[in-house]
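The exercises below ask you to work through pockets, a strand and a few single residues in turn. Try each task on the structure before reading its solution.

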Amino acid sequence: MSRLFTPYRLGPVTLRNRTIRSAAFESMGKDFGPTEQLKQYHVSVARGGIGMTTLAYAAVSRSGLSFRKQLWLRPEIVPALRDITEAIHAEGAAASIQIGHCGNMTHLSTAGQIPVGASTGINLYAYTPVRGMRRSEITAVAKDFGRAVHTAHEAGFDCVEVHAGHGYLISQFLSPYTNHRRDEYGGSLDNRMRFMRMCLEEVMEAAARTRTAVLVKHNMYDGFKGGIEIPESLEIAREIERYGVNGIVLSGGFVSKAPMAVMRGLIPIYTMSYYSPWWLRYFIRWCGPMMIKQFPFEECYFLEDARKFRAELKCPLVYVGGLVSRAGIDRALDAGFEMVQMGRALVNDPAFVEKLRTGDEKTRSGCDHRNYCIARMYSVDMKCCKHCPDLPKRIREELERLP
């Protein structure tokens, strides 16, 4: 018998099944706050049978913002967020919010300051100079993570997901690719984990007071030479486990260096340039194929590596990566993972989980991973090409050429 539609106790909250809508950036906010569009999307996913849906990419402070459509988790937006969580709960699902800081991928216009990161330098992918964080700033941002948990609780969220992967701020401290510090926050892996520990201490203390579940998104590897590889990643995961989190989400890839290691499949370069600012379009068309390394898509593409973590860790683990069918989900659950996360399958069809429940074992997502949704999500919103009947001719032609 499949465990997919059995309830799961995630810390203080019980999920009706083992599915979670992953924290894939919706790009549906406005002026750093939620919108009716964001609410209706997550309500549709909740109505579609998900166990828990996750609002993505909420910055714990102003300095962590990359986009105006990104959420800045602060008291001013609590009433609007509570409206969303109450609507999600009314459909029988739990509500989670991902908390993080974009670090060196922020911008002066959104963060209100020069981007900060683990080390000083230039982020060529975000087109920004970066200043290494001062010790006082490191302490302040760690405390911001704790405050974000309290704010999430006030807004009615059952769970927070701490983003410690994909090349955002915590990950920038962990990875030797971005951390060149010579103080107690750099050098050895133990030092590079120091900022993560500070954040988790604040988060877990706040979670205990508010009875909030805690997940942590963690990189199994960065996806390129000079980044974190599995042996170091296993040590980091053991340290995360030591804090008593309710689960670790095993992912991989660095969005500023190897973005398709996260999502897999081909990226439609012309489509990405079409939805980019005018000054960036031709650079993407000419240099995109050289700068964006392609990773082929296959169902359950992280599973074999994730098994290595399952063999070493005792805490609950969440599998994410290329789940498009009941058979693939059952493979992950049968491999010992307590829960599964999905993103693009639910962009294609918010009711995918309910169709799995009422359909047969051959049910498969209509997502074909041509990644139109990814190409447009940072500029417009995350939307499947199959829901866009009026696409420009050149975009249609590009998508038709992709396998």
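In the counts that follow, Ala, Val, Leu, Ile, Met, Phe, Trp, Tyr, Cys and Pro are taken as nonpolar, Asp, Glu, Lys and Arg as charged, and the others, Gly among them, as polar. The model is predicted.

**Exercise 1. Describe the second largest pocket: its volume, its lining and the chemical classes of the lining residues.**

Solution. Begin with the volume, which for the second largest pocket is about 250 Å³. Next, locate the centre: 14 residues line this pocket, and Asn104, Ile122, Asn123, Tyr177 and Thr178 are the closest to its centre. Then ask which element contributes the most to this lining; the answer is strand β7, residues 121-123, with three residues. Finally, sort the lining of the second largest pocket by class, which yields six nonpolar and eight polar residues and no charged ones.

**Exercise 2. Carry out the analysis for the largest pocket, and find which element gives the most to its lining.**

Solution. The largest pocket holds about 1,100 Å³ of space. Its lining is made up of 38 residues, with Phe67, Tyr125, Tyr127, Leu280 and Tyr378 lying nearest the centre. To see where the lining comes from, look for elements that supply two or more residues: these are α3 (108-111), α9 (259-263), α11 (278-291) and α16 (372-377). Helix α11 gives the most, with seven residues. Sorting the lining of the largest pocket by class gives 26 nonpolar, 10 polar and two charged residues.

**Exercise 3. Establish how strand β13 (residues 339-342) is covered on its faces, and which strands pair with β13.**

Solution. Take the faces first: Met339 and Gln341 lie on one side of β13, Val340 and Met342 lie on the other, and all are buried, so that both faces are covered. Now turn to the edges. Strand β3 (residues 19-21) runs parallel to β13 and is joined to it by three bridges, with Ile20 standing opposite Gln341. Strand β12 (residues 317-320) also runs parallel to β13, again through three bridges, and here Val320 is the residue that stands opposite Gln341. As a last step, follow the chain from β12 through helix α13 (residues 326-334) to β13, which together make a right-handed β-α-β unit.

**Exercise 4. Tyr57 and Asn371 have positive phi values without being glycine; place each residue and decide whether it is buried or exposed.**

Solution. For Tyr57, phi is about 70°, and the residue is found in strand β4 (residues 52-59). Its relative accessibility is 9%, and because buried means under 20%, Tyr57 counts as buried. For Asn371, phi is near 65°, and the residue sits in the loop between α15 (352-358) and α16. With a relative accessible area of 3%, Asn371 is therefore buried under that cut-off.

**Exercise 5. Decide whether Asn348 is buried or exposed, and list the residues that Asn348 touches beyond four places away in sequence.**

Solution. Place the residue first: Asn348 lies in helix α14 (residues 344-348). Its relative accessible area is 11%, and because the limit for buried is under 20%, Asn348 belongs to the buried class. For the surroundings, leave out residues up to four places away in sequence; the contacts of Asn348 are then Ser365, Gly366, Cys367, Cys384, Lys386 and His387.

Definitions and conventions: Residues are numbered from 1 along each chain as its sequence is written. This is a predicted model: local features need pLDDT of at least 70, side-chain atom pairs count only at pLDDT 80 or more; totals for chains, interfaces and linings use all residues. Side-chain values use heavy atoms; hydrogens and water are left out. On a 1 Å grid over the protein atoms alone, a cavity is a set of points where a 1.4 Å probe fits but cannot get out, and a pocket is an open set with protein on both sides within 12 Å along at least five of seven lines; lining residues have an atom within 4 Å of a point. Grid points are joined across faces, edges and corners, and a volume is the space filled by probe spheres set on the points. Helices (H or I, at least four residues) and strands (E, at least two) are DSSP runs, numbered from the N terminus. Buried means under 20% relative accessible area, exposed over 50%, partly exposed in between (1.4 Å probe, protein chains only). Two strands pair if DSSP finds at least two bridges between them. A crossover is right-handed if, with the strands pointing away from the viewer, the path from the first strand over the helix to the second runs clockwise. Contact means heavy atoms within 4.5 Å.
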